[in-house]
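Visitor: Please take me through one helix packing contact in close detail. Then carry on from there to the rest of the fold.

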Amino acid sequence: MSNISPIIKLNEKDDVVIARIPISKGTCLSNELVVLNNIPEGHKIAIRNIEQGAQIKRYGQTFGFATKPILKGEHVHVHNVGVGNFDKDYAFGKDVHTLPPTDKIDTFLGIRRKNGKIATRNYIGVMSSVNCSATVAKAVEIYYNKVGLVNYPNVDGVIALPQSFGCGIGQDGPSMTNMRRTLSGYATHPNFAGMIIVGLGCESSQIKDMMNFAHLTENENLHTLTIQETGGSKKTIDKIISIIEEMLPIANQVQRKETPVSELILALECGGSDGYSGISANPTLGYVADKIIQQGGTAILSETPEIYGAEHLLTRRAVSQQVGEKLIQRIKWWEEHCKQNKSEINNNPSVGNKAGGLTTILEKSLGAITKGGTSNLVAVYEYAEPVTSKGLVFMDTPGFDPMAVTGQIAGGANILCFTTGRGSALGSSPTPTLKVASNNFLWNRQQEDMDMNCGDIIEGNESIAQAGERLYSMLLEFASGEKSKSEKFGYGSLEFVPWQMGAFM
């Protein structure tokens with residue numbers, strides 16, 4: 001890095017630059033810029049004097065307001081920046097455009113189910129409808145981890161989806177709606193060759209009500225039972241195993257075949273972000289999202305609290321005013337939701353995000369939306385709602401990673417990319433999760449959990465397009481059956497977390 005500038009300037013309108021490396025107090029960055037504080041890597045330095053109350057820009061967009069006068073060369077962070085109100089030009093549809101056509105149709109080795117849906121994995125699942133049956137579901141997974149599936153090489157595994165909720169919630173409230181959408185979405189997910197749903201029997205989240213809600217019926221690939229009706233935990237475990245033994249020979253008959261990229265539904269997720277995430281890993285993922293959408297595929301952007309303050313950049317790409325206004329309605333819901341719960345959206349970023357250089361939720365959001373690339377926004381979905389549109393869509397979810405990812409998978413995501421700057425160990429069964437590091441320090445420290453590194457972008461040794469092509473190729477390999485780091489480690493079962501938003505009784 002000796003010939004590379006120690007700072008990154010992202011936009012000519014910006015009031016700050018980003019430190020590529022730790023910069024010591026007194027360092028002369030130019031004849032006009034002397035650093036006044038020790039600056040950690042990924043953090044911001046003022047490049048001009050900023051008056052108290054003035055807007056401060058990064059990415060050419062407002063990310064905060066000066067809470068005190070800030071001198072040129074000073075560290076810009078939580079001690080002198082806050083959030084305030086400012087006008088956002090939603091300009092619905094103003095930036096709608098058409099991506100250039102592609103004459104190349106890429107493929108991966110996918111599994112086509114009888115209903116036409118495409119799978120990237122071939123699991124049998126055991127899902128609990130309530131926490132009371134979670135141990136039974138997990139016991140079945142433990143059993144198959146011990147005995148193995150050597151006679152069924154085309155089956156990726158038997159996995160449990162235990163959960164912590166499912167009771168003490170109203171029958172007609174938003175939590176129950178989310179629960180039913182989530183359970184039915186997983187029950188019909190193409191990455192499952194078969195599914196068994198197990199309950200206790202007396203819970204609020206009745207399996208039969210969920211089945212009626214989603215118009216599902218039991219068949220050779222979908223079975224339901226309860227501990228109370230079956231006669232106890234051991235009997236229920238034995239019954240589930242007997243059902244799976246009948247499913248395995250059928251599940252093993254699948255064959256992977258060349259499948260166009262248009263069949264991919266890519267979940268876009270970030271967690272443990274830092275000041276580099278919006279410069280390297282996130283825009284690299286955005287490049288991949290655009291490539292998939294160009295070929296007729298789908299990408300799901302989510303985490304509504306983490307687009308807050310940057311939503312106007314999405315409404316400008318909305319294909320209709322109705323789509324743009326639906327996104328704004330979700331933003332307003334979150335504002336009211338936080339107010340009712342005596343919280344505020346700017347409680348996000350987290351402690352780790354701030355340590356990594358992110359100061360406000362506005363700054364975090366401006367970096368987070370780059371995961372969505374440059375494509376038009378074609379639809380906005382409720383949590384765990386089935387995603388049927390092709391192109392870039394948005395799903396309303398919390399920012400809590402397992403909860404957000406659970407909703408995206410329930411919506412149909414068959415591949416997932418997760419970017420991080422601080423580090424993550426997340427995995428998301430049944431959908432393979434590819435984790436991308438934003439910087440070399442993280443890659444070197446936590447390489448056993450990371451699948452790819454974008455740190456060379458920060459070092460100035462790789463472009464977004466070059467990293468994007470690497471990530472795209474890797475994603476197609478994972479969609480074709482290559483195991484991710486999280487899959488090899490066994491992550492994904494305990495990360496099944498439906499969104500509970502209502503009162504608990």
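Guide: Start with helix 2 (residues 174-187) and helix 11 (residues 401-410). Their axes come within 8 Å and cross at roughly 55°. That angle makes helix 2 oblique to helix 11. The crossing of this pair is left-handed. This is a predicted model, so every value here is computed from predicted coordinates. On the helix 2 side, the contact is made by R181, T182, G185 and Y186. Helix 11 supplies V405, T406, I409 and A410. By class, the residues of this contact divide into 4 nonpolar, 3 polar and 1 charged.

Now a second pair. Helix 6 (residues 281-294) packs on helix 14 at an angle of about 60°, and the two axes are 8 Å apart. Helix 6 is therefore oblique to helix 14. Here the crossing is right-handed, whereas helix 2 and helix 11 cross in a left-handed way. From helix 6, the contact takes in P283, T284, L285, Y287, V288, K291 and I292. From helix 14, the partners are I464, A465, A467, G468, E469, L471, Y472 and L475. The division is 11 nonpolar, 2 polar and 2 charged.

Stay on helix 6 for one more residue. N282 lies in this helix. N282 has a relative accessible area of 1%, so it counts as buried. What does N282 touch, beyond residues up to four places away in sequence? The list is C270, S277, G367, A368, T370, K371 and T419. N282 also has a distant sequence partner to check. C417 is 135 residues away along the chain, yet the C-alpha atoms of N282 and C417 are 9.9 Å apart.

Next, the nonpolar cores. In soluble globular proteins, nonpolar side chains tend to be buried together. The largest nonpolar core in this model has 100 residues. Those with the most contacts inside it are I56, M127, L264, L266 and L475. Helix 14 (residues 464-479) gives this core its largest share, 8 residues. L475 thus appears twice: among the residues with the most contacts in the core, and in the contact between helix 6 and helix 14. There is also a second, separate core of 24 residues, including I124, Y152, V158 and I244.

Take I56 from the largest core. Set aside its neighbours within four places in sequence. I56 is then in contact with D15, V16, I50, Q61, T62, F63, G64, F65, A66, I70, V76 and V81.

Follow that list to V81. This residue is found in strand 7 (residues 81-82). At 7% relative accessibility, V81 counts as buried. Outside four places in sequence, V81 is in contact with I56, F63, G64, F65, T67, I70, V76, T359 and T360. F63, G64, F65, I70 and V76 appear in the contacts of I56 and also in those of V81. For V81 and T67, the sequence separation is 14 residues and the C-alpha to C-alpha distance is 5.3 Å.

A charged residue is next. K364 lies in helix 10 (residues 361-368). Is K364 buried or exposed? Its relative accessibility is 8%, so K364 counts as buried. K364 and K44 are 320 residues apart along the chain, with their C-alpha atoms separated by 13 Å.

Finish with the backbone. Which residues other than glycine have a positive phi? K342 is one of them, with phi near 55°. K342 lies in the loop between helix 8 (321-340) and helix 9 (351-355). With a relative accessible area of 78%, K342 is exposed. A384 is another residue other than glycine with positive phi, near 65°. A384 sits in the loop between strand 17 (377-381) and strand 18 (391-395). Its relative accessible area is 1%, so A384 is buried. The two residues therefore differ in exposure: K342 is exposed, while A384 is buried.

One peptide bond also deserves a look. S429 and P430 are joined by a cis peptide bond, with omega about 10°. P430 lies in the loop between strand 19 (415-420) and strand 20 (433-437).

Definitions and conventions. Residues numbered from 1 in each chain as written. Predicted model: local features only at pLDDT ≥ 70, side-chain atom pairs only at ≥ 80, totals over all residues. Heavy atoms only, no water. Helix = DSSP H or I, 4+ residues; strand = E, 2+ residues; numbered from the N terminus. Buried < 20%, exposed > 50% of the residue type's maximum accessible area, 1.4 Å probe, protein only. Core = buried A, V, L, I, M, F, W, Y, C linked by side-chain atoms within 4.5 Å. Contact = heavy atoms within 4.5 Å. Axes fitted to C-alpha atoms, helices over the stretch in contact; angles between N-to-C directions. Parallel < 35°, antiparallel > 145°, perpendicular 65-115°, else oblique. Left-handed = near helix turned anticlockwise from the far one by under 90°. Nonpolar A, V, L, I, M, F, W, Y, C, P; charged D, E, K, R; others polar.
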